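Let us walk through this structure together, starting where its chains meet and then moving inward. Have a look first, and then we can begin.

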Protein chains: 2
Amino acid sequence: MNKVAIIGVGHTKFGKLEDKNLLDLLCDASLQAIENSNTNDKDFDAVYVSCMLAETLNHMTAIASAVVDRIGLIPAAADHVKNGPASGGSAIKNAFYSITSGACDMVLVVGAEKMTHITTPGLITSAVATLTHHNAERVHGVSLPSLAGMLTRTYMEKYNVPKEWITSIAVKNHKNGMNNPYAHFQKEITLEKALASPIIADPLRLYDICPISDGGAAMVLCSAEIAKKFCDTPILITGVGQATDTHIVYEREDLTVLKALQICSKQAYSMAKKTPEDIDVCEAHDAFTILEAIQSEDLGFFKKGEGAKAAYEGLTEIGGVIPINPSGGLKARGHPLGATGVAQVVELVWQLRGEAGKRQIEGAETGITCNFGGFGNNILSILVERM
Amino acid sequence: MNKVAIIGVGHTKFGKLEDKNLLDLLCDASLQAIENSNTNDKDFDAVYVSCMLAETLNHMTAIASAVVDRIGLIPAAADHVKNGPASGGSAIKNAFYSITSGACDMVLVVGAEKMTHITTPGLITSAVATLTHHNAERVHGVSLPSLAGMLTRTYMEKYNVPKEWITSIAVKNHKNGMNNPYAHFQKEITLEKALASPIIADPLRLYDICPISDGGAAMVLCSAEIAKKFCDTPILITGVGQATDTHIVYEREDLTVLKALQICSKQAYSMAKKTPEDIDVCEAHDAFTILEAIQSEDLGFFKKGEGAKAAYEGLTEIGGVIPINPSGGLKARGHPLGATGVAQVVELVWQLRGEAGKRQIEGAETGITCNFGGFGNNILSILVERM
């Protein structure tokens with residue numbers, strides 16, 4: 001299998017970007033990544049675009065071709081990969097295969113979502129809810145916040161966890177986001193304020209939940225053999241895992257276990273010949289605070305039931321034993337659905353290159369992601385290392 | 001690069017299938033392909049699902065996970081690949097890479113679309129039109145039939161071609177569809193009747209245009225090394241090409257040249273070390289009759305301007321020099337968007353295995369497809385051979 005390197009990254013501001021449409025976001029991030037990679041237009045064999053709701057929110061179905069055309073990469077192959085909020089991870093995985101197979105040498109991956117122009121109340125929540133099981137969940141009005149509320153309650157009761165341990169994750173991520181110029185929110189919040197914010201899906205409150213954001217993120221991948229021609233500090237993708245769990249959430253043996261994450265992170269660790277102890281930095285999928293707590297367990301950093309406590313005790317802060325979401329995570333960086341999985345790896349690239357500014361984790365050499373699709377039914381984990 | 005074999009195929013009836021929803025179609029085709037492959041549930045590493053309009057027409061965004069769950073393939077990786085009416089080709093390409101890379105051994109590809117439940121007039125035409133350029137085409141009311149009408153007129157004038165040569169393609173494809181039990185239409189039409197059918201987009205008439213269909217098609221791919229364990233007659237995928245052209249149709253140098261097809265078919269021929277003369281059977285993308293005429297030129301079978309004449313003279317019939325669309329094509333087999341690219345390769349597998357019944361092309365050993373995405377801005381070509 002050929003080795004794959006990341007030689008350029010791009011990232012737009014995340015937030016409410018009134019003057020940018022979906023194609024602008026995809027192209028802005030792409031052009032940044034290409035400029036950062038020192039490649040040129042002629043080098044690209046393929047483009048993978050990640051976006052979850054382009055049909056519903058943007059009335060567009062040829063976004064991959066549209067990117068290739070607009071940024072001048074014709075005749076590069078163009079595909080749009082969809083996997084809910086894990087679309088970014090899936091796009092990276094397929095781009096990775098296109099290079100490891102030997103079919104492509106140079107590939108652009110870009111993810112984006114344009115959401116904040118939608119003003120109809122509930123439309124986005126209901127569009128996102130199309131990823132739940134159609135007959136057993138969606139038609140009965142199940143939404144993502146309602147599932148996350150149920151999961152939070154179950155976790156608190158099973159492991160005797162006070163709510164403040166869980167909500168402390170939002171406080172940490174807002175603190176990290178302060179130092180990320182691309183983050184949707186760059187302001188600190190206090191635990192007291194978060195615990196007193198409006199209830200959305202009891203026991204989850206407003207500050208336990210990521211915002212609705214616009215934004216794009218991109219990266220240039222190439223075969224590792226040629227990476228040094230373009231870049232002094234290529235970052236290798238050495239592990240990629242993906243696994244599926246039951247679509248219907250109530251069919252899972254234990255709601256507080258993300259079996260798909262256990263399986264896919266094991267695949268990623270095994271492909272890279274690493275263990276959780278080798279990881280210096282992690283970007284997790286904290287669409288809801290509870291998810292980061294549980295993911296930090298199923299990625300192998302903490303025992304079951306101890307993830308929220310670990311966060312509360314500061315073990316996942318920058319400078320802690322395993323820093324999680326130095327970028328600010330979905331909570332503070334924001335969550336433009338199709339961009340998130342790509343942005344997670346972009347943050348790891350900055351960390352491993354030593355370019356993360358005030359949020360830099362000293363000496364970071366190895367990082368891993370959890371990109372969460374569906375409500376845990378389709379998860380990817382990507383492991384990256386310094387070359 | 002590992003070699004890839006097709007060891008099982010499945011195909012639902014195409015047509016107006018009132019008692020089947022999208023997930024039924026995906027799962028019915030998948031289960032047929034798995035049964036046909038003699039594999040079992042435990043063997044699958046990944047599933048690639050192709051569908052164009054699941055969000056808009058079916059309110060579903062986790063269809064790949066849903067398939068994996070419902071047919072019992074958990075924890076196989078699940079991705080949804082979108083590329084308009086060429087989604088099927090793109091799904092096959094990425095599944096192919098997942099095996100050639102060495103990452104996967106056994107992969108299911110399934111495509112489907114559920115369309116006929118939509119009764120709002122114009123909704124499907126406008127949903128399909130989301131693949132045109134948003135600002136330069138779609139917002140001005142450009143639709144796919146209008147572009148195809150313009151292309152037909154241009155071709156007729158440039159090459160001095162009478163309309164009956166072009167429409168004869170529909171007559172041939174209906175004749176072939178007579179012998180395809182899975183086809184939407186299994187009845188012959190006469191050239192006189194087709195030429196007198198209602199005008200849709202002058203000079204295109206009703207019988208120049210494919211129907212709106214429900215349906216699914218699937219295949220099991222594995223590394224060629226292990227194919228004979230499961231199947232006596234594996235079919236190899238030996239060439240895969242994909243290319244992008246300008247998104248805006250008026251920006252093309254010559255409207256009657258499908259540059260993306262010229263490039264991607266050259267890639268496929270070159271990967272397989274074949275020439276157009278080596279091809280025994282072709283499945284083309286005749287969403288409109290004019291497309292098959294032009295594709296037969298850009299695939300290298302006829303000179304520019306001679307494709308429609310060749311069809312009229314019978315050269316592309318079963319028994320002709322290069323039979324095109326023995327399945328009945330999109331015109332008679334039907335065109336469930338996400339299923340089409342997969343169904344094209346399924347037909348080639350049946351032809352190469354000698355299982356095509358009354359529409360069998362004697363001694364067929366090599367076949368190629370053209371799967372047309374956008375309005376020619378994103379085309380794939382897949383070349384298959386007997387092992």
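Two residues count as in contact if their C-beta atoms, placed from the backbone, lie within 7 Å. On that footing, the contact between the chains takes 47 residues from chain A and 47 residues from chain B. Before going further, please keep in mind that this is a predicted model, in which local features need pLDDT of at least 70, side-chain atom pairs count only at pLDDT 80 or more, and totals for chains, interfaces and linings use all residues. Residues are numbered from 1 along each chain as its sequence is written, while chains are lettered from A and ligands numbered from 1 in the order in which they are written.

Which elements build the side of chain A that touches chain B? Those giving two or more residues are helix H2 (54–58), helix H3 (63–70), strand S3 (77–82), H4, strand S8 (235–244) and helix H10 (259–272) of chain A. Here helices (H or I, at least four residues) and strands (E, at least two) are DSSP runs, numbered from the N terminus. S3(A) makes the largest contribution to this side, with six residues. Sorted by class, this side has 20 nonpolar, 22 polar and five charged residues. In this scheme Ala, Val, Leu, Ile, Met, Phe, Trp, Tyr, Cys and Pro count as nonpolar, Asp, Glu, Lys and Arg as charged, and the others, Gly among them, as polar.

S3(A) also reaches across to the other chain: three bridges join S3(A) to strand S3 (residues 77–82) of chain B, and the two run antiparallel. Strands are said to pair if DSSP finds at least two bridges between them. Within this pairing, A:Val81 stands opposite B:Val81.

How do the two chains relate to each other? A turn of 180 degrees, with a shift of 0.0 Å along the axis, lays chain A on chain B with an RMSD of 0.0 Å; the superposition is by least squares on the C-alpha atoms of residues with pLDDT of at least 70 in both copies. The two copies are thus related as by a two-fold rotation axis. Both use the same surface, as 100% of the contact residues of chain A recur in chain B. Of the residues of chain A, A:Ser101 comes closest to the axis, its C-alpha at 1.7 Å.

Now for the inside of chain A. The domain assignment, which is automatic or from a database, gives domain 1 (4–119 + 213–235) and domain 2 (123–211 + 238–386). Their centres, taken over C-alpha atoms, are separated by 23 Å. Their contact takes 40 residues from domain 1 of chain A and 38 residues from domain 2 of chain A. On the domain 1 side, the largest share, eight residues, comes from H4(A).

H4(A) deserves a closer look. All 14 of its 14 residues are buried, so H4(A) is largely enclosed by the rest of the structure. A residue is buried if 20 or more other C-beta atoms lie within 10 Å of its own, exposed if 12 or fewer, and partly exposed in between, with C-beta atoms placed from the backbone. After H4(A) comes A:Gly102, whose phi is positive, near 90 degrees.

Finally, turn to strand S12 (residues 378–386) of chain A. Eight of its nine residues are buried, so S12(A) is largely enclosed by the rest of the structure. S12(A) pairs with S8(A) in the antiparallel sense over nine bridges, and A:Gly239 stands opposite A:Leu383 there.
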